[in-house]
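Grab a pencil and work through these exercises with the viewer open. Each one sets a task, and a step-by-step solution follows.

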There are 2 protein chains.
Amino acid sequence: MEKLIGAAVIGQSGGPSSVINASAYGAIKTALDSDVITNVYGMCHGIVGLLNDDLIDMSKEDPDELALMKYTPSSALGSCRYKLADPDEDETDYIKILEMFKKYNIRYFFYNGGNDSMDTCNKISKFMLRNGYEVRCMGIPKTIDNDLAGTDHCPGFASAAKFIATSVMEVYRDATVYDKGMITVIECMGRHAGWLTAAASLAGYLGKGADLIYLPEVDFDMDKFVAKVKKIYAEKQKCLVVVSEGIHDKDGTFITEYQTQGAAAAKDSFGHTQLGGLASFLANRLKAETGAKVRGIELSLLQRCAAHCASQTDIDESYAAGKAAVDNAVAGVTDRMVGFACTRENGKYECKTELFELTIVANTEKKVPREWINEEGDGVNQGFIDYCLPLIQGQTQLKIENGLPRFVNLKKVKAVPPKA
Amino acid sequence: MEKLIGAAVIGQSGGPSSVINASAYGAIKTALDSDVITNVYGMCHGIVGLLNDDLIDMSKEDPDELALMKYTPSSALGSCRYKLADPDEDETDYIKILEMFKKYNIRYFFYNGGNDSMDTCNKISKFMLRNGYEVRCMGIPKTIDNDLAGTDHCPGFASAAKFIATSVMEVYRDATVYDKGMITVIECMGRHAGWLTAAASLAGYLGKGADLIYLPEVDFDMDKFVAKVKKIYAEKQKCLVVVSEGIHDKDGTFITEYQTQGAAAAKDSFGHTQLGGLASFLANRLKAETGAKVRGIELSLLQRCAAHCASQTDIDESYAAGKAAVDNAVAGVTDRMVGFACTRENGKYECKTELFELTIVANTEKKVPREWINEEGDGVNQGFIDYCLPLIQGQTQLKIENGLPRFVNLKKVKAVPPKA
């Protein structure tokens, strides 16, 4: 394979996570150290920054400061939710991107995000190939939802899972402290895949946790749910329920929509229904049904940005994914997403980076296998525990200053195109 | 002072915190090691356990397991919200308590809680004195609200403050990541005192944090608030607001009551109005006013049980408060609460335990001084930072097992009264 000499650009897209910057840093640092990559640019707010010629020069950052990216939550370069048009219908954005590639002599394109981002990466790769512009395009996965196809798991999932399991353990202690009855409903993120909600089971595995766990993989039956909570509450005067925001009934109606039926539900720019408020909705319903004190808790943004509770395994693997994207691209690979292939033989966990076809990854959703969910559909079994537990090991090595996290502060020096 | 030989009993009451067990452990361990304290009993669910002869024998616990109490959130002995009657009106409970004291030869009474608990402690102490039963009664403070009079600060406050400041730092990163506008409203606990909400300012001090902070110490003006958010949003397309659950207008009406006016607000057994849902109420209002994407986040129970993010300073001081209660009682002191006297000369923080009159502490609320709040009433100044920052130092030494906290599991062996 011939050495491809030129600049690299990296962008971050979609909902952030606690470790997306660890991946970006893995790519940036490896690219800065590479002898074929001439310049390393960051897109401000993902593809939007590339379209608007809003790039920063990563070499201008202080190396020690830049290294703090590894432990800083959210997307340090800024994110976006911009969907590229189908190039067969509208080539405008692609032509603009090609201009930018030429202007900065960009030969390496790294895009760090979820399935929509892999779709973006794939479309750009295909367009450039058709137009004879040589650029190596690599996807670096990120999604707390853990729903990307192919890879064993996604960077970002484990840290969110660790925060959720930890919080459920802590809330369990709080919610069962009184001599009086109490029902608690905790809502986790996850539109179509219940990985994050399933992580609540880790709390029960090691200590005391949820009585009931509901994932979107199984149809939710409100009457059965209420009856089950009532039964548990009658037995022990306490009940802790963890639900995914995306639970729906057998007709596919989101349970959260029960409260707004008739009104049109808000949708994001990808057409996803905007959910929320499920915990308080279910809490109110259970209060009416039982007369108990009921509390609804939405973990909200905390679960995807709680870097102080990140898994060091997740951080290290995320970094490795970013590094592997650059290493592979430099070695000649293009049009692939870096993912993980893992083994868990005899309790020994091993994780290696592996490459996946972007076309397979883009817009596919991997769900929690039915065989890891109990028959009743209100809990998970050992299969899930064995899968998830290795991923949350290790406490973050986050730098603490004055008792609080010391996150990165980038200078963000505007990139200057090389002289022609 | 004559040595008082007999048993000790300890109970926990009121809303739990991340470190109330550190205090209880400080008292239990010191009592177990004492040569005048013959037995150490724990009340199951505070004073309710004492009234119902539901006591456990702390000497039956494995010492290594018991030591995990120091890092376990919530109240390991169980809590209650039981208000003792005024003894001038109804002596029933006090007579029952006296019977229990005699049955177990209890000569040391330790009660671990907030201002209502100090009131309980005070009433029991006075009743026993009037009835000629020698027992030394000591209050061990706990309240994340930090509103107890006399003491520099309260055990439990700093850990909640550390979690709040950390979470605001993290949510700031998340809530400002997109190229599109976003307004975020975070709701903290604090009915009448804004200490916890003020702690959000620590995030801004060290990194990037809240634009506006509203405490119950200053009357809240909805129109002024909306105008201010609109102005900040127009300038930078982002606005992060932190509010106390207890903010109210100049007429004393809680802002959260604006959404339920006409309906009677729920009250707890102490007659406190039950608040909640403020973040989403304000978020909806701001969405209607600005058209921006707005997110409301209620930190809910997480802020008072997030032991994984506790301040080691808080843990150590809480332990010291429990220990001091026993040491002082054994030395002859009674009818006092242990608190802290601190100095912060030239940035050097020192904290010593000190004793306070229970009558002064009970049912008094210490608020954030007006001079620590800015003139506009929408932020705090260096005075608060200098006060609070030393308290949140040190990361918890919490034991981790399999990537998750290893909290205490007590056997709770039922206490047997000594032979007469």
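**Exercise 1.** Work out how the end-to-end reach of helix α6 of chain A compares with the expected span, and whether its residues are buried or exposed.

*Solution.* Start with the bounds: α6(A) runs over residues 157-175, which makes 19 residues. Helices here are DSSP runs of H or I with at least four residues, strands are runs of E with at least two, and both are numbered from the N terminus. Next, the reach: from first C-alpha to last, α6(A) covers 26 Å, close to the 27 Å expected at 1.5 Å a residue. That expected span is 1.5 Å times one less than the number of residues. Last, burial: 19 of the 19 residues of α6(A) are buried, so the helix is largely enclosed by the rest of the structure. (Buried takes 20 or more other C-beta atoms within 10 Å of a residue's own, exposed 12 or fewer, partly exposed anything in between, with C-beta atoms placed from the backbone.)

Before you go on, some housekeeping: this is a predicted model, where local features need pLDDT of at least 70, side-chain atom pairs count only at pLDDT 80 or more, and totals for chains, interfaces and linings use all residues. Residues are numbered from 1 along each chain as its sequence is written, while chains are lettered from A and ligands numbered from 1 in the order in which they are written.

**Exercise 2.** Describe the contact between chains A and B, and say which element of chain B gives the most to it.

*Solution.* Count the residues: chain B brings 51 and chain A brings 51. (Contact is when C-beta atoms, placed from the backbone, lie within 7 Å.) Then look at the elements of chain B that give two or more residues; among them are α6 (157-175), α8 (201-206) and β9 (294-298). The top giver is α6(B), with ten residues. By class, the side of chain B that touches chain A has 25 nonpolar, 17 polar and nine charged residues. (Nonpolar means Ala, Val, Leu, Ile, Met, Phe, Trp, Tyr, Cys and Pro; charged means Asp, Glu, Lys and Arg; the others, Gly among them, are polar.)

Now the symmetry. A rotation of 180° with 0.0 Å of shift along its axis puts chain B on chain A, at RMSD 0.0 Å. That is the relation of a two-fold axis. (The superposition is by least squares on the C-alpha atoms of residues with pLDDT of at least 70 in both copies.) Finally, 100% of the interface residues of chain B are also interface residues in chain A, so the copies meet through the same surface.

**Exercise 3.** Find the two domains of chain A and say how they touch.

*Solution.* Domain 1 takes 6-144 + 308-362 + 397-405, and domain 2 takes 159-306; the bounds come from an automatic or database domain assignment. Their C-alpha centres lie 33 Å apart. At the contact, 16 residues of domain 1 meet 13 residues of domain 2. The domain 1 side splits into six nonpolar, six polar and four charged residues.

**Exercise 4.** Which strands pair with β10 of chain B, and in which direction do they run?

*Solution.* Take β5(B) (136-141): two bridges join it to β10(B) (336-345), and the two run parallel. (Pairing needs at least two bridges found by DSSP.) Here Met138(B) stands opposite Arg336(B). Then take β11(B) (348-357), joined to β10(B) by ten bridges and running antiparallel, with Cys342(B) opposite Cys351(B). β10(B) and β11(B) form a hairpin with two residues between them, and Asn346(B) in the turn has a positive phi of about 50°.

**Exercise 5.** Place Cys351 of chain A and list its contacts.

*Solution.* Cys351(A) sits in strand β11(A). With 18 C-beta neighbours inside 10 Å, Cys351(A) counts as partly exposed. Leaving aside neighbours within four places in sequence, Cys351(A) is in contact with Glu317(A), Phe340(A) and Cys342(A).

**Exercise 6.** Ser74 and Asn105 of chain B each have a positive phi without being glycine; say where each one lies and whether it is buried or partly exposed.

*Solution.* Ser74(B), with phi of about 65°, is in the loop between α3(B) and α4(B). Ser74(B) is buried, with 28 other C-beta atoms within 10 Å. Asn105(B), with phi of about 50°, is in the loop between α4(B) and β4(B). Asn105(B) has 14 such atoms within 10 Å and is partly exposed.
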